[in-house]
Amino acid sequence: MDTSRSFIKTVLARIRGYLDDPDFDSKYTDQFLLQHVVMPSLVDVWSRVSLSADNPVMLDYNITFVENQECYTLPACVGEIHEIVQYTGMNGSQVSNGVITDDLRPSHPQSRTGPVWMIEGNMLCFRPFPQNLDSAGNPNLTWTVRYTTNGDMLPHYCSYTNYGTLDATKTLFTFDDTPDLGLVDYRPNAYAGQFVRLLSNAGGSSLGVTEERVIASYNSSTRVATLARPFTVAAGNYAYEVCPPQSQGMVEAIAIAAALKLGAWRKISQAQNQLLTQQYRAAIKTIGDNLANMNLRTGKGYAKDTRDNPRWRP
């Protein structure tokens with residue numbers, strides 16, 4: 001991990017370590033690597049993980065129906081929608097006790113009653129058109145779209161000189177428009193479901209805090225991210241970064257995937273290419289293994305009978 005504890009800077013440092021070439025270090029800046037190598041590698045890795053893992057990372061995005069409005073813009077990072085559900089307490093808010101009251105299940109596009117919902121480009125479209133009422137006749141209906149990410153977003157990093165600002169409610173975070181690394185994404189709700197990670201103290205002058213929250217929605221015109229849960233730290237200016245959910249396996253896989261892309265440009269040796277490929281496969285398998293077992297309450301095997309073992313008898 002980089003001393004800044006940044007996901008982005010750690011990936012960049014590992015890419016340079018894997019290729020270990022002085023000429024490479026002088027030719028490619030961190031900004032170039034992030035924009036042209038890390039971003040496509042991030043999409044590659046997340047797409048593979050989301051489509052193949054037994055328990056992929058799920059993200060939530062809330063939409064509020066407008067009466068007779070057919071289509072709603074999705075965040076660019078939506079890879080696969082798993083469900084569109086209504087929770088109790090969701091009328092006009094994000095507060096819920098977790099009980100699903102309605103579930104919109106898609107049908108065939110040529111169904112006589114309509115497909116219910118389908119994806120058309122970057123739009124989520126409903127037919128028949130929404131009437132903005134739940135099964136109990138309540139208006140202002142908010143639905144939760146649960147999806148896996150495809151990694152299509154623009155990560156960025158800001159130091160304490162180009163900082164972000166957390167408001168007094170601790171639920172609104174404003175991004176800087178000139179990040180140290182990366183680019184600010186101005187597509188509608190581009191960062192919905194992604195993470196904002198604080199990397200400094202409240203004054204932004206030194207490292208001291210590592211706290212992260214999921215972004216519920218993002219206003220691209222004002223660069224304000226609304227957080228799913230408030231931060232616990234004080235309001236103020238912070239060094240920060242925006243990136244997908246972080247794990248050491250994900251850092252490793254993205255760094256190696258990027259090194260392989262650069263290796264093709266640099267015409268690295270076949271032996272080095274094979275070594276990086278083997279390490280990439282191992283990193284992807286590690287991520288898959290971790291995600292497959294996250295929800296297991298019990299282990300895969302027992303040396304003896306225990307209370308959680310189905311064979312156990314009192």
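In which strand is glycine 79 found? In this predicted model, glycine 79 belongs to strand β3. With a relative accessible area of 44%, glycine 79 falls between the cut-offs of 20% for buried and 50% for exposed, and is therefore partly exposed. Once the neighbours within four places in sequence are set aside, the contacts of glycine 79 are Tyr147, Thr148, Thr149 and Asn150. One of these, threonine 148, lies 69 residues away from glycine 79 in sequence, yet the two C-alpha atoms are 5.4 Å apart in space.

The wider setting of β3 is an open sheet of 4 strands, arranged in the order β1-β7-β3-β4 with antiparallel pairing. Its edges are formed by β1 (59-64) and β4 (100-104), each of which pairs on one side only. On average, and with direction ignored, neighbouring strands of this sheet are turned by 35° against each other. Strand β3, which spans residues 78-87, is joined to β4 by 4 bridges in the antiparallel sense. Within this pairing, valine 85 has aspartate 103 of β4 as its bridge partner.

Turning to the helices, a pair of packed helices is described by the angle between the two axes and the distance between them. Helix α1 (residues 7-19) offers two such cases. Its axis comes within 8 Å of that of helix α4 (residues 248-266), and the two cross at roughly 45°. An angle of this kind is neither under 35 degrees nor within 65 to 115, so α1 and α4 are oblique to each other. The crossing of α1 and α4 is right-handed. On the α1 side the contact involves Phe7, Thr10, Val11, Arg14, Ile15, Tyr18 and Leu19, while the residues met in α4 include Met250, Ile254, Ala258 and Leu262. By class, the contact of α1 with α4 comprises 13 nonpolar, 2 polar and 2 charged residues.

The second case pairs α1 with helix α3 (residues 30-52), where the axes come within 11 Å and cross at roughly 90°. That angle makes α1 roughly perpendicular to α3. Here α1 contributes Ile8, Val11, Leu12, Ile15 and Arg16, and α3 contributes Asp30, Leu33, Leu34 and Val38. The residues of the α1 and α3 contact divide into 7 nonpolar and 2 charged, with no polar ones. Val11 and Ile15 of α1 take part in the contact with α4 and also in the contact with α3.

Further along the chain, strand β13 (residues 211-219) has antiparallel pairings with β12 and β14. Strand β12 (residues 195-198) is joined to β13 by 4 bridges, and valine 196 has arginine 213 in β13 as its bridge partner. Another 4 bridges link β13 to strand β14 (residues 224-227), again running antiparallel, with isoleucine 215 standing opposite leucine 227 of β14. Strands β13 and β14 form a hairpin with 4 residues between them.

Some backbone details in the loops also deserve a look. In the turn of that hairpin, arginine 223 has a positive phi of about 65°, a positive value in a residue other than glycine. Lysine 170, also not a glycine, has a positive phi of about 65°; this residue sits in the loop between β9 (164-166) and β10 (172-174). At 25% relative accessible area, lysine 170 is partly exposed. Finally, the peptide bond from arginine 127 to proline 128 is cis, with omega near 5°, and proline 128 is placed in the loop between β6 (123-127) and β7 (142-149).

Note on methods:
Residues numbered from 1 in each chain as written. Predicted model: local features only at pLDDT ≥ 70, side-chain atom pairs only at ≥ 80, totals over all residues. Heavy atoms only, no water. Pairing = 2+ DSSP bridges. Axes fitted to C-alpha atoms, helices over the stretch in contact; angles between N-to-C directions. Parallel < 35°, antiparallel > 145°, perpendicular 65-115°, else oblique. Left-handed = near helix turned anticlockwise from the far one by under 90°. Contact = heavy atoms within 4.5 Å. Nonpolar A, V, L, I, M, F, W, Y, C, P; charged D, E, K, R; others polar. Buried < 20%, exposed > 50% of the residue type's maximum accessible area, 1.4 Å probe, protein only.
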